[in-house]
Amino acid sequence: MKKSLLIIGSFLVACAVLSAESEKSAVKNERTVKLNSGYEMPVAGLGTWTLTGETCENAVYSALKTGVRLIDTAKYYGNEADVGRAIKRAVAEKICTRGEIFVTTKLVPWTADPAADIEDSLEKLGVDYIALCLLHQHGSSDDRVYRTMEKACKEGKIRSIGISNFYTAREVEHFVRDFEIKPAVIQNENHIFYQGMELRDWCKKYGIRLESYYPFGGRGHTKQSLENPVIKKIAAAHKKTSAQVIVRWHIQSGFIAIPGSSNPKHIVENYDVWNFSLTDEEMAEIAKLNTGKRYENW
């Protein structure tokens, strides 16, 4: 009898260890997704829109020190050199290696020379390749810019390409149908009040991932998201903040989230989302917040 109990006890301990290891593995694996280009991309990062100079550099450095490995910038932001300095600093201090950092930048559709812009981005960022380059928004030279990104991709200067601010299947279909390299990522305004599920579901058949800028609603609307009663109730249940619940919602919805902040405490808070999950019921409650209306019109 004692021997049987000992065997059962040992079995239960082994199961518990395996369960714990499986949970650790699941948490580790959910931090990245494989793009249709074959590369892994982190699902949570730092957006740098409106951050410049030392503010931007320190924010990116703080994010990398926190464990964030996805940094989002753009030619239009005018801060690629600031991002580059932060990356150089973090690598020099052995906080991370260059290969661990996933850098996204974007090209405007009205650029006179997209190839020169790519070279300029590489120089300012201080990198030998760009992990993801996006067409920033619709414009008269969309095709020319996208074909230049395709060429740079074949040359190894860019690893994955995509588009930004395209919201319908009809708009995206052109890039799927008429180019050699399909978009790997579409970066759009996306938050609890504009959830983008229809485009997300359409993109699945092409392996295209949706990335959420303005994950909290964007400047001027953050308070509305963070103080929403449904979000606050769910946050209280998990002993988490509203921001953490919202980032978690993005991840569990299959989105990539890049909240922007220059506050080190908020950067840490926004990335501390790996030790809890929202229930199906909570996800359904948040789904009901969708209004289908965006705040921006570009």
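## Exercises on a predicted model

Lys-94 sits in the loop that joins helix 3 to strand 5 (102–107). The structure is a predicted model, and the exercises below work through its loops, its helix packing and two of its buried residues.

**Exercise 1. Determine the sign of phi for Lys-94 and for Tyr-214, and decide for each residue whether it is buried or exposed.**

Step 1. Most residues other than glycine have a negative phi, so a positive value deserves attention.

Step 2. For Lys-94, phi is near 60 degrees, which is a positive value in a residue other than glycine. With a relative accessible area of 73%, Lys-94 is exposed, given that exposed means over 50%.

Step 3. Tyr-214, found in the loop between strand 9 (209–213) and helix 8, has a phi near 55 degrees, again a positive value in a residue other than glycine. Its relative accessibility is 13%, and Tyr-214 therefore counts as buried, the cut-off being under 20%.

**Exercise 2. Classify the packing of helix 3 against helix 4, and describe the residues that meet there.**

Step 1. Helix 3 (residues 80–92) and helix 4 (residues 114–125) have axes 7 Å apart and pack at an angle of about 40 degrees. That angle makes helix 3 oblique to helix 4.

Step 2. On the side of helix 3, the residues in the contact are Glu-80, Ala-81, Val-83 and Gly-84, and they meet Ser-121, Lys-124 and Leu-125 of helix 4. Sorted by class, this contact of helix 3 with helix 4 has 3 nonpolar, 2 polar and 2 charged residues.

**Exercise 3. Carry out the corresponding analysis for helix 9 and helix 10, and then establish which residues of helix 9 are buried and what they pack against.**

Step 1. The axes of helix 9 (residues 229–238) and helix 10 (residues 242–252) cross at roughly 100 degrees and come within 8 Å. The two helices, helix 9 and helix 10, are therefore roughly perpendicular to each other, since angles of 65 to 115 degrees count as such.

Step 2. In the contact, Ile-231, Lys-232, Ile-234 and Ala-235 of helix 9 meet Ser-242, Val-245 and Ile-246 of helix 10. By class, the contact of helix 9 with helix 10 has 5 nonpolar, 1 polar and 1 charged residues.

Step 3. Ile-231, Ile-234 and Ala-235 are buried in helix 9. They cover an arc of only 105 degrees around the axis, which means that they are on the same side of helix 9. The face turned away from this buried side carries the exposed residues Pro-229, Ala-236 and Ala-237.

Step 4. The buried residues of helix 9 pack against helix 8 (222–226), helix 10 and helix 12 (280–287).

Step 5. Turning to the ends, a side-chain oxygen of Asn-228 reaches to within 2.9 Å of the backbone nitrogen of Val-230 at the start of helix 9, while Lys-239, just after helix 9, takes a positive phi of about 55 degrees.

**Exercise 4. Identify the buried residues of helix 12, and explain why they line one face of the helix.**

Step 1. In helix 12, the buried residues are Glu-282, Met-283 and Ile-286. Because these buried residues fall within an arc of 100 degrees when seen down the axis, they line one face of helix 12.

Step 2. Asp-280 and Glu-281 are exposed on the other side of helix 12, whereas the buried residues of helix 12 pack against helix 9 and helix 10.

**Exercise 5. Describe the surroundings of His-191 and of Leu-135, leaving aside neighbours within four places in sequence.**

Step 1. His-191 has its place in the loop between strand 8 (185–189) and helix 7 (197–203), and with a relative accessible area of 0% it is buried. The side chain of His-191 makes a polar contact with that of Glu-189 at 2.8 Å. Beyond its sequence neighbours within four places, the residues in contact with His-191 include Tyr-214, Trp-249, His-250, Lys-293 and Tyr-295. Tyr-214 in that list is the residue from Exercise 1 with phi near 55 degrees.

Step 2. Leu-135 lies in strand 6 (residues 130–135) and counts as buried at 0% relative accessibility. Among its contacts outside four places in sequence are Leu-107, Pro-109, Met-149, Ile-163 and Phe-175. For the pair Leu-135 and Met-149, the C-alpha atoms are 8.6 Å apart in space, with a separation of 14 residues in sequence.

Definitions and conventions
Residues numbered from 1 in each chain as written. Predicted model: local features only at pLDDT ≥ 70, side-chain atom pairs only at ≥ 80, totals over all residues. Heavy atoms only, no water. Axes fitted to C-alpha atoms, helices over the stretch in contact; angles between N-to-C directions. Helix = DSSP H or I, 4+ residues; strand = E, 2+ residues; numbered from the N terminus. Parallel < 35°, antiparallel > 145°, perpendicular 65-115°, else oblique. Contact = heavy atoms within 4.5 Å. Nonpolar A, V, L, I, M, F, W, Y, C, P; charged D, E, K, R; others polar. Buried < 20%, exposed > 50% of the residue type's maximum accessible area, 1.4 Å probe, protein only. Arc of directions from axis to C-beta. Polar contact = N/O pair within 3.5 Å; in protein donor to acceptor, adjacent residues only side chain to side chain.
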